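Q: I should like to learn how to read the features of a structural model. Could we take them one at a time, with the general idea before the case?

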Amino acid sequence: METVNQLLDSIKDVGRDAMRGGYSRAAYSTPELDLRHWFIEQAQQRGLQVETDRNGIIWAWWGTPQDGALVTGSHLDSVPGGGAFDGPLGIASALAAVDILKTRGLDSKNTGPHRSLAITVFPEEEGSRFGVACLGSRLLTGAIDADKALNLRDVDGNTFADIARGNRLDPGRVGRDPEAIARIGDFVELHVEQGKGLGHGGPAIAVGSSILGHGRWKLSVSGQGNHAGTTLMADRADPMVAAAQIVVAVRDTAARQPDARATVGRLTPVPGGTNVIASRVDLWLDARHPDDAVTAQLISAIYGVAREIAASEGCAVTLTEESYSGTVHFDPGLSRRIGELLPGAPVLASGAGHDAGVLAGHVPSAMLFVRNPSGISHSPEEYVADEDAAAGALALADVLEGLL
Ligand code: GLV
Ligand code: MN
Ligand code: MN
């Protein structure tokens, strides 16, 4: 029996990023693979039966693998320089919850409607390696076309097909998996809260209501690559200068739209030399709004301004959608039952995306959030107090026991 804090403590050195701070645990990198092995060992120590499906999702079964099971899970990959809790908190809490259920005398031969419980680990939830968030659950559900996924490339030029093959997955079998979806009767994901919805003093656990619609777009600004010393200022078509103005325009356009969020968190100049005027700059835009039609208008407005800016600098710009997920409302029946099992827990909407949101279109899904007092996330400063993590594992155990 281990507490969630002991479990998190046992992985605290995996994937630390000395340069960025925090953790860099990209999907199928050495740190994430180490965490996957850690999870498999932990599951086996608890007598769970472990299998990895054709999309690289790990399933750890307490009870016989079968259709309609109760499934809880999250992810072990991180954003570059991320915190300790986004993903691993849900996995460690699931393992701790199994321990708690065992101390309550439950065993895998329970007679409830779900009959079995499984813990799942989804790969590439953050989309930090191949650019598409929740890649594992999107493949499982068919929300992304398998060929499109297999051709995604990481920054080193590896395709997802290469990486899948290197991790003993058969690229020919990657994609929609109706048998695996049928195994999920209800899905519950516990996750660190990533906003300020749970302040000091009040309840530490909330029940999720919805996930904000979100998407990713690539803006490519092209100009004339040239020499930084010999090219007169008046003779330049510098895509970096256009890109800088586009970043500001993204902020300003979103700021005028109530409830919108838009971010450029990544920008790559090509070729990228101090004394080189770039020939191209790629910017990645993350935009979110509760109303999908408003998101579409926002993107079209941003693209319109970007084209004007690029033209004024003698450059051109293209826009490509890389992924999109509309706003998701969790299953009201499942959320109500969870609310009854956790009396007094507030209900919170999530501004962040989750595998539970992708699954929600296919199976009843719900989420629990654990207090993160500052709301800071996707940062080394993400924080969950030990007592709140323990309360989260207990709440998850109560929910699983109640739903089983
Ligand atoms: C995932 O954490 C996201 O919301 O991008
Ligand atoms: Mn997450
Ligand atoms: Mn995240």
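Q: With which residue does Asp 13 form a salt bridge?

A: Side chains of opposite charge can pair when their charged atoms come close. In this predicted model, Asp 13 pairs in this way with Arg 16, and the closest N and O atoms are 3.5 Å apart. Asp 13 itself is exposed, its relative accessible area being 57%.

Q: How many salt bridges does the structure hold?

A: The structure holds 17 salt bridges. One of the groupings is a network that links Glu 2, Arg 46 and Asp 99.

Q: Which parts of the chain does the pair of Lys 218 and Asp 282 link?

A: The side chains of Lys 218 and Asp 282 meet in a salt bridge, with 3.9 Å from N to O. The pair links distant parts of the chain: Lys 218 belongs to strand 7 (residues 214–222) and Asp 282 to strand 11 (residues 280–288), 64 residues apart.

Q: Is Asp 282 buried or exposed?

A: The reading rests on a cut-off: a residue counts as buried when its relative accessible area is under 20%. Asp 282 is buried because its relative accessibility is 3%. Lys 218, at 23% relative accessibility, counts as partly exposed.

Q: What other salt bridge does Asp 282 form, with Arg 280 as the partner, and how far apart are the closest N and O atoms?

A: Between Asp 282 and Arg 280 the closest N and O atoms are 2.8 Å apart. Asp 282 thus has salt bridges with Lys 218 and with Arg 280. Arg 280 has its place in strand 11 and is partly exposed, with a relative accessible area of 34%.

Q: What separates the C-alpha atoms of Arg 280 and Gly 223?

A: Here one sets the spacing along the chain beside the distance in space. Arg 280 and Gly 223 are 57 residues apart along the chain, and their C-alpha atoms are separated by 6.0 Å.

Q: Let us turn to the metal sites. Which residues coordinate the manganese ion (ligand 2)?

A: To read a metal site, one lists the donor atoms, then their distances, then their places in the chain. For the manganese ion (ligand 2), the donors are His 75 through NE2, Asp 86 through OD and His 191 through NE2, at 2.1 to 2.2 Å. Along the chain, these donors follow the spacing H-x10-D-x104-H. The two histidines come from distant parts of the chain: His 75 is in strand 3 (residues 69–75) and His 191 in strand 5 (residues 184–192), 116 residues apart.

Q: Are His 75 and His 191 buried or exposed?

A: Both His 75 and His 191 are buried. For His 191, the relative accessible area is 1%. A polar contact of 2.8 Å also joins the side chains of His 191 and Asp 86.

Q: What does Asp 86 bridge?

A: A residue can appear in the donor lists of two ions, and such lists should be read together. Asp 86 bridges the manganese ion (ligand 3) and the manganese ion (ligand 2), and these ions lie 3.6 Å apart. The manganese ion (ligand 3) is coordinated by Asp 86 (OD), Glu 126 (OE), Glu 126 (OE) and His 378 (NE2), at 2.0 to 2.6 Å. The spacing of these donors along the chain is D-x39-E-x251-H.

Q: Where in the chain are Glu 126 and His 378?

A: Glu 126 is in the loop between strand 4 (117–122) and helix 4 (135–141), whereas His 378 is in the loop between strand 15 (365–370) and helix 12 (386–403); the two are 252 residues apart. Glu 126 is buried, with a relative accessible area of 7%, while His 378 counts as partly exposed at 41% relative accessibility.

Q: Which residues surround ligand 1?

A: For a ligand, one reads the surrounding residues, then the polar atoms, then the covered area. Ligand 1 is surrounded by Glu 126, Arg 288, Ala 352, Gly 353 and His 378. By class, this shell has one nonpolar, two polar and two charged residues.

Q: How far from an oxygen atom of ligand 1 is a polar side-chain atom of Arg 288?

A: For Arg 288 the distance is 2.8 Å. A polar side-chain atom of His 378 lies 3.0 Å from an oxygen atom of ligand 1, and for an N or O atom in the side chain of Glu 126 the value is 3.2 Å. Taken alone, ligand 1 exposes 190 Å², and the protein buries 94% of that.

Terms used: Residues numbered from 1 in each chain as written. Chains lettered and ligands numbered in written order. Predicted model: local features only at pLDDT ≥ 70, side-chain atom pairs only at ≥ 80, totals over all residues. Heavy atoms only, no water. Salt bridge = Lys/Arg side-chain N within 4 Å of Asp/Glu carboxyl O. Buried < 20%, exposed > 50% of the residue type's maximum accessible area, 1.4 Å probe, protein only. Helix = DSSP H or I, 4+ residues; strand = E, 2+ residues; numbered from the N terminus. Near = heavy atom within 4 Å. Polar contact = N/O pair within 3.5 Å; in protein donor to acceptor, adjacent residues only side chain to side chain. Areas by Shrake-Rupley, 256 points an atom, 1.4 Å probe, with all protein chains shown as cover. Nonpolar A, V, L, I, M, F, W, Y, C, P; charged D, E, K, R; others polar. Donors = N, O, S within 2.8 Å, 3.2 Å for Na, K, Ca; no water.
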